[in-house]
Amino acid sequence: MNATTVGACLETIKYAVGPSCQKSNSSNYASPYKFCYLSRRHTTLSFSSRKLESKVCSKSKVTCLASGNQGESLTYKDAGVDIDAGSELVRRIAKMAPGIGGFGGLFPLGDSYLVAGTDGVGTKLKLAFETGIHDTIGIDLVAMSVNDIITSGAKPLFFLDYYATSHLDVDLAEKVIKGIVDGCQQSDCALLGGETAEMPDFYANGEYDLSGFAVGIVKKESVINGKNISVGDVLIGLPSSGVHSNGFSLVRRVLAKSGLSLKDKLPGESTTLGEALMAPTVIYVKQVLHIISKGGIKGIAHITGGGFTDNIPRVFPKGLGALIYNDSWPVPPVFKWIQTAGNIEDSEMKRTFNMGIGMVVVASKEAAERILNEGETAYRIGEVISGDGVSYQ
């Protein structure tokens with residue numbers, strides 16, 4: 001595919017919360033427009049796993065799994081991903097460009113904002129290579145970007161992809177692009193263009209990397225930015241299909257520790273581990289836009305890297321926090337297996353995985369009742385309280 005370039009490079013942009021907007025002072029870009037971004041920058045990290053010392057289990061796979069919680073407790077950092085390092089990077093970037101970091105960036109256009117987002121699918125790609133499941137990874141790619149921009153209330157307009165590999169396997173690439181097309185159809189947006197890069201010796205044989213870029217639009221008076229969130233508002237959780245596209249560096253470490261393979265059954269279930277882990281990310285576009293159209297929605301958080309702990313507070317004004325009701329939604333079996341096999345602490349699970357809730361909608365009490373009674377699967381998972389961060393009871 002030919003690359004499509006939209007916009008231009010800017011030397012200096014100042015950002016503010018709100019969105020608050022300011023004209024670019026770049027001498028390279030003459031534009032009457034202002035540039036707007038929400039909140040602070042959020043960083044998703046996906047690093048290669050580093051070696052972790054562990055005991056070798058010579059027993060049967062079943063016995064090894066059952067005794068998995070007898071040993072060390074795995075963390076995301078053990079698997080090579082340091083969330084705190086990401087927070088430190090955010091702090092440093094904030095010194096250079098204060099205010100970056102909403103789920104999507106806003107660009108004013110007449111009486112509307114264009115809302116843009118970009119993402120990848122992380123080391124879930126490693127499982128795609130191992131399972132040979134390539135026709136749904138493109139759905140994950142689209143989902144990660146469009147789910148971000150709808151948190152502002154934006155309708156996705158178009159999507160672009162970047163596909164990079166050492167040697168172009170046309171049949172394999174076609175499968176991946178098919179998933180991207182499927183994802184765009186689910187999002188009701190156009191696959192406008194992209195880039196296919198063949199880079200010999202850069203990637204391992206048979207492997208590839210993916211990035212995606214989505215742009216949507218929302219009327220200025222309809223932007224959802226969390227400003228009006230208040231104590232007593234209700235947190236509505238929309239169910240995920242499983243792990244989605246975050247936390248796979250830890251998943252892969254747990255899998256190695258468990259002694260099971262991707263072809264083995266998920267304990268207690270009829271599906272294999274590979275099938276459960278490769279379930280494509282839910283695209284929430286149509287469901288969320290429908291909910292927004294009825295009114296009463298004050299904030300929306302896409303639950304990705306950072307889980308509940310880091311993502312929900314991103315949509316709150318200062319001085320407000322979230323109280324999550326324990327056991328208020330069914331946690332999919334795959335998360336229970338991950339926690340047991342990896343002996344992972346509750347707090348680590350909630351900061352790494354979506355735990356069965358892929359999107360959190362902050363609604364007035366009236367809107368919450370309407371959503372819960374409409375018939376679509378949704379859960380009352382908590383409320384807004386005074387304070388900071390996320391607590392559980």
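How many helices and strands are there in the chain? This predicted model contains 12 helices and 13 strands. The chain has 393 residues, of which 49% count as buried. Its exposed surface amounts to about 18,100 Å², and carbon and sulfur atoms supply 51% of that area. Among the contacts in the chain with a separation of 6 or more, 83% are accounted for by residues 24 or more positions apart.

The interior may be considered next. In soluble globular proteins, nonpolar side chains tend to be buried together. Here the largest nonpolar core has 89 residues, and those with the most contacts inside it are Phe316 and Ile338. Helix 4, residues 137-149, provides the largest share of this core, namely 7 residues. Leaving aside residues up to four places away in sequence, Ile338 touches Val243, Val251, Val254, Asn343, Ile344, Met349 and Phe353.

Two of these partners of Ile338, Val251 and Val254, are also listed among the buried residues of helix 6. Helix 6 spans residues 248-258 and is mostly covered, with 8 of its 11 residues buried. The buried residues of helix 6 are Phe248, Ser249, Leu250, Val251, Arg253, Val254, Leu255 and Ser258. After helix 6 comes Gly259, which has a positive phi near 85°.

Empty space within the model is the next topic. Rolling a probe the size of a water molecule over the atoms shows where empty space is left. The structure holds 2 cavities of 30 Å³ or more, and the largest cavity has a volume of about 50 Å³. Which residues line the largest cavity? Its lining consists of Gln287, His290, Ile291, Ile371, Glu374, Glu376 and Ala378. The largest share of this lining, 3 residues, comes from helix 8, residues 285-293. By character, the lining residues divide into 3 nonpolar, 2 polar and 2 charged.

Two individual residues illustrate opposite surroundings: Ser112 counts as buried, whereas Gln185 counts as exposed. Ser112 is found in strand 4, residues 112-119. Ser112 counts as buried because its relative accessibility is 5%, and buried means under 20%. Not counting residues up to four places away in sequence, Ser112 touches Phe107, Ile217, Val218, Lys219 and Lys220. The C-alpha atom of Ser112 is separated by 9.7 Å from that of Ala154, a residue 42 positions apart along the chain. Gln185, by contrast, lies in helix 5, residues 170-187, and counts as exposed because its relative accessibility is 54%, the cut-off for exposed being over 50%. Between the C-alpha atoms of Gln185 and Val142, 43 residues apart along the chain, the separation is 9.9 Å.

The backbone of two loops also deserves attention. Most residues other than glycine have a negative phi, and most peptide bonds are trans. Where does Asp201 lie? Asp201 is placed in the loop between strand 6 (190-198) and strand 7 (208-219). Although Asp201 is not a glycine, its phi is positive, at about 75°. With 78% relative accessibility, Asp201 counts as exposed. Asp327 lies in the loop between strand 10 (320-324) and helix 10 (333-342). The phi of Asp327 is near 60°, again a positive value in a residue other than glycine. Asp327 counts as exposed, at 79% relative accessibility.

Key: Residues numbered from 1 in each chain as written. Predicted model: local features only at pLDDT ≥ 70, side-chain atom pairs only at ≥ 80, totals over all residues. Heavy atoms only, no water. Core = buried A, V, L, I, M, F, W, Y, C linked by side-chain atoms within 4.5 Å. Buried < 20%, exposed > 50% of the residue type's maximum accessible area, 1.4 Å probe, protein only. Helix = DSSP H or I, 4+ residues; strand = E, 2+ residues; numbered from the N terminus. Contact = heavy atoms within 4.5 Å. 1 Å grid on protein atoms, 1.4 Å probe; cavity = no way out; pocket = protein on both sides within 12 Å on 5 of 7 lines; lining within 4 Å. Points joined across faces, edges and corners; volume = space filled by probe spheres on them. Nonpolar A, V, L, I, M, F, W, Y, C, P; charged D, E, K, R; others polar. Areas by Shrake-Rupley, 256 points an atom, 1.4 Å probe, with all protein chains shown as cover.
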